[in-house]
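Please go through this model with me and, for each label it carries, set out the reasoning that leads to the label.

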Amino acid sequence: MATRIATLGSHSALQILKGARDEGFRTIAVCEKNREEPYKRFKVADRIITLNSFKEFPSVENELISENAIVIPHGSFTGAMSTEQIERLKVSYFGNKKILKWETDREMQREWLKKAGLTLPRIFRNPEDIDVPSIIKFYGAKGGKGFFLAKSGSEFERKIKEHHGKAYIIQEYIVGAPIYIHYFYSPLNDEVEVMSFDKRYESNVDSIGRIAAKDQLDMGLDTSYNITGNVPMVVRESLLPEIFRMGEAVVAASKAIEKRGIFGPFSLETVITPDLKFYVFEVSARIVAGTNPYINGSPYTDLKYSEPMSTGRRISREIKNAIASNQVERVLG
Ligand code: AMP
């Protein structure tokens, strides 16, 4: 039976399924009840399987195996299942599952990025040590919800009260331009590609600048970073050499920490300071939603491919190339 491409109906599924169709695959969307509509309306799925919750995903595994499906992971996947649950899945899975724990465990992630020689914001293990403006982030927080800023230990103690019991990390806040870099690494031809860039559109932080500072104070506003969408962008061209270098360093370091390393799409979340230094505060070891503006390709994929190439489509292209050269196991984890 021909290979099918399956993913969860959320996050970047429209792009993944459309890209799979463009590469000639039939597609399956596994949706949560009452959230099937976009996948029907945009006609990207040949089949829709409905679950009460994504957490029930293991219950459709055998069905997907019998459909000869390859599952493409994205952010909702890692949100719905633990790393261990994902590792136990038997259905074909695009990407290296073993790298997931290096993303979800913030300490391990830091070790990976340091090994790649990247510049990271400082971490404060003890709130009393906070001596610069810092951002407090919760583990597994969905899209930055609830993150807050603190300039001192006492401000931290006052604000953390609302979030009691949640695991967090305190990171130096880097003032600069946030830029999210989208890469794709192909193990078949050993090349790191720059696919695109985005910046985020977050509530309420992206509208605070519309209010005068005096009114902000009067209103007693606190910033929050709940993601609502992504804005496409291009970078200053002279930054590209460093961007390629960082992507290659992350791939090389991934091979040092985990035998097969990372392959497929990944992203670096960075802030560029006024002296044009990149601070990397996170790596995502999978497709990120910031690639969604580029269903029809980005300026960078346009330079490389003479056809619309989204990151979703690039995944299916990789699978197609792997199947054609009899090495599909090289892109499965
Ligand atoms: P995250 O969920 O880690 O992507 O972060 C959510 C938001 O916080 C994004 O707008 C980031 O730009 C911002 N952010 C996260 N960490 C830092 C940092 N260390 N310095 C400045 N901004 C940050």
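**Reasoning behind the labels**

The shell around the ligand has ten nonpolar, one polar and six charged residues. The model is a predicted one.

Q: Which residues come nearest to the ligand, of the 17 around it?
A: Glu172, Ile174, Glu202, Glu269 and Glu282 come nearest, of the 17 residues in the shell.

Q: What makes the approach of glutamate 202 to the ligand a polar contact?
A: The cut-off for a pair of N or O atoms is 3.5 Å. A polar side-chain atom of glutamate 202 lies 2.5 Å from an oxygen atom of the ligand, so this pair meets the cut-off and is a polar contact. For glutamate 269 the distance from a polar side-chain atom to an oxygen atom of the ligand is 2.7 Å, and for tyrosine 180 the corresponding value is 3.4 Å, so these two pairs are also within the 3.5 Å limit.

Q: How much of the ligand's area does the protein bury?
A: The ligand taken alone exposes 470 Å², and the protein buries 95% of that. Among the elements that give two or more residues to the shell around the ligand are strand E8 (168–172), strand E10 (191–204) and strand E12 (264–272). Domain 2 (103–119 + 175–200 + 230–324) and domain 3 (123–172) each supply at least three residues of the shell.

Q: Why is histidine 74 classed as it is, buried or exposed?
A: Buried means under 20% relative accessible area; histidine 74 has a relative accessible area of 0% and is therefore buried. Histidine 74 sits in the loop between strand E4 (69–71) and helix H4 (75–80), and residues that it touches include Leu8, His11, Ile16 and Arg286.

Q: What makes the pairing of histidine 74 with threonine 7 a polar contact?
A: The two side chains make this contact at 3.4 Å, and because the limit is 3.5 Å the distance qualifies.

Q: How do you know which class aspartate 218 belongs to, buried or exposed?
A: Exposed means over 50% relative accessible area, and aspartate 218, at 57%, therefore counts as exposed. Aspartate 218 lies in helix H9 (residues 213–218). Aspartate 218 and glutamate 37 are 181 residues apart in sequence, and their C-alpha atoms are 42 Å apart in space.

Q: How many residues of domain 1 are in contact with domain 2?
A: 18 residues of domain 1 are in contact with 18 residues of domain 2, and the C-alpha centres of these two domains lie 23 Å apart.

Terms used. Residues numbered from 1 in each chain as written. Predicted model: local features only at pLDDT ≥ 70, side-chain atom pairs only at ≥ 80, totals over all residues. Heavy atoms only, no water. Helix = DSSP H or I, 4+ residues; strand = E, 2+ residues; numbered from the N terminus. Buried < 20%, exposed > 50% of the residue type's maximum accessible area, 1.4 Å probe, protein only. Polar contact = N/O pair within 3.5 Å; in protein donor to acceptor, adjacent residues only side chain to side chain. Contact = heavy atoms within 4.5 Å. Near = heavy atom within 4 Å. Areas by Shrake-Rupley, 256 points an atom, 1.4 Å probe, with all protein chains shown as cover. Nonpolar A, V, L, I, M, F, W, Y, C, P; charged D, E, K, R; others polar. Domains from an automatic or database assignment. Lists of a residue's contacts leave out its neighbours within four places in sequence.
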